[in-house]
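Colleague: I would be grateful for a close look at one part of this model, followed outwards into its surroundings. Please keep the account connected, so that each step can be traced in the display.

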Amino acid sequence: MSIRLQSQTDRLRAVLSELRVAGRTIGFVPTMGYLHYGHRSLIERSRDDGCFTVVSVFVNPAQFGPDEDLDTYPADHDRDFELSVASGADLVWYPERTDLYPPESQTMVKPGALADRLCGVSRPQFFPGICSVVLRFFNLIKPDRAYFGEKDFQQLAIIKRMAADFYLDVDVIGCPLQREADGLAMSSRNARLAPEDRDLALTLYRTITEARTAYAKGERDAEALRTKLKEGWPQGIELDYLDFREPVLLEEVATLAADTRIFLGAWLNGVRLIDNDALT
Ligand code: AMP
């Protein structure tokens, strides 16, 4: 029987502490809900690793800017519970805002240079907000393992850095990006795309494919390829960034290599889209 907890932080901690005493490994999958197969793949991985799997569903206000989509972020708690359980979750937790940010709470995490690039430029509050909520979650749940998707490659790198910098006793595990059949990176926000925008949303994936093809044909000049891809960027979808970076410190590269990743961020009629992939 899977457990569903609405708030009830004390109960959550009691359940998990009993399991820890019993020697269970705890796997944790934080989400903002409106689950799709990208989330399910993380839950399945935790289940397959033999963990008691905790999924959280929480739209974290701290990571949203004042003009962003906090209030319109899609939600369906019942469906999220069903999908989580079907994927192997043992416990799904829906905290209230005050469970994570009680009125007296003040302390926020300030990530370093990894957070000042890519999504961090246009969304300065984003990674401090994510680190601040993830650290709270880690300290409440005390997971042995935490699973994050490579869809949010920068987030994964920042959380790994935070775990190392703060000596957190948790294994941060990256899991592959899941795509729709046509290549669109799965995202809860895709539900907010107008049907007529769906094709434009594929611009990110098409650009990745074009970059990979160019690399396979011998292109090694990052700036030349970036310029060419930006010239082909269509009207109607606003490009935030298109960068070639190495996968560890996320520094820009001048010369493309097999492990170079292309990173893309864009807005399409108010819907935030991101994507990334290695060139090979
Ligand atoms: P979110 O609910 O968007 O905050 O995402 C929760 C977790 O699911 C994060 O670790 C994401 O990286 C991961 N995730 C979201 N979309 C995908 C995807 N398409 N493929 C793999 N993981 C994903």
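My starting point is one loop residue: is Tyr167 buried or exposed?

Modeller: Tyr167 is exposed, because its relative accessibility of 75% lies over the 50% limit for that class. Please bear in mind throughout that the model is predicted. Tyr167 sits in the loop that links α7 and β6. The backbone of this residue also deserves attention: its phi is near 50 degrees, a positive value although the residue is not glycine. Most residues other than glycine have a negative phi.

Phe166 occupies the loop between α7 (153-165) and β6 (171-175). With a relative accessibility of 43%, Phe166 falls between the limits of 20% and 50% and therefore counts as partly exposed. Beyond its neighbours within four places in sequence, Phe166 is in contact with Val109 and Leu135. Leu135 is 31 residues away from Phe166 along the chain, and their C-alpha atoms are separated by 9.5 Å.

The loop leads into β6, and from there the strand pairing can be followed. Five bridges connect β6 with β5, and the two strands run parallel. Within this pairing, Val172 of β6 is the bridge partner of Ala146. Ala146, in β5, also stands opposite Phe28. The strand β2 (residues 26-31) is joined to β5 by two bridges, again in the parallel sense. Strand β5 itself, residues 145-149, is mostly covered, with four of its five residues buried.

The ligand comes next. There are 17 residues around the ligand, and those that come nearest are Met32, His39, Asp152, Gln178 and Met186. For Met32, a backbone N or O atom lies 2.9 Å from an oxygen atom of the ligand. His39 approaches with its side chain, a polar atom of which lies 2.8 Å from a ligand oxygen. Met186 presents a backbone N or O atom at 2.9 Å from a nitrogen atom of the ligand. On its own the ligand has 480 Å² of accessible area, of which the protein covers 92%.

A polar pair elsewhere in the protein involves Ser87, a residue of helix α3 (residues 77-87). Ser87 has a relative accessible area of 0%, and so it is buried. Its side chain makes a polar contact with the side chain of Arg40, at 2.7 Å. If neighbours within four places in sequence are set aside, the contacts of Ser87 are Arg40, Ile43, Glu44 and Arg47.

The other sheet to examine is open and antiparallel, with three strands in the order β7-β8-β9. Its edges are formed by β7 (238-245) and β9 (271-278), each of which pairs on one side only. On average, neighbouring strands in this sheet are turned by 10 degrees against each other, direction ignored. Seven bridges hold the antiparallel pairing of β7 with β8, residues 261-268. Phe244 stands opposite Ile262 of β8. Across β7 and β8 lies helix α10 (residues 222-231), which runs at about 160 degrees to β7.

The loop between β7 and β8 contains Leu250, which invites a comparison with the starting point. Leu250, like Tyr167, has a positive phi without being glycine: the value is near 60 degrees for Leu250 and near 50 degrees for Tyr167. The two residues part company in their cover. Leu250 has a relative accessible area of 0% and is therefore buried, whereas Tyr167 is exposed at 75%.

Ile208, in helix α9 (residues 203-216), reaches this sheet as well. Its relative accessible area is 1%, under the 20% limit, so Ile208 is buried. Not counting residues up to four places away in sequence, Ile208 touches Arg179, Ile262, Leu264, Asp275, Asn276 and Asp277. Ile262, one of these contacts, is the residue that stands opposite Phe244. Ile208 and Ala278 are 70 residues apart in sequence, while their C-alpha atoms are 8.8 Å apart in space.

Technical notes. Residues numbered from 1 in each chain as written. Predicted model: local features only at pLDDT ≥ 70, side-chain atom pairs only at ≥ 80, totals over all residues. Heavy atoms only, no water. Pairing = 2+ DSSP bridges. Axes fitted to C-alpha atoms, helices over the stretch in contact; angles between N-to-C directions. Contact = heavy atoms within 4.5 Å. Near = heavy atom within 4 Å. Polar contact = N/O pair within 3.5 Å; in protein donor to acceptor, adjacent residues only side chain to side chain. Areas by Shrake-Rupley, 256 points an atom, 1.4 Å probe, with all protein chains shown as cover. Buried < 20%, exposed > 50% of the residue type's maximum accessible area, 1.4 Å probe, protein only.
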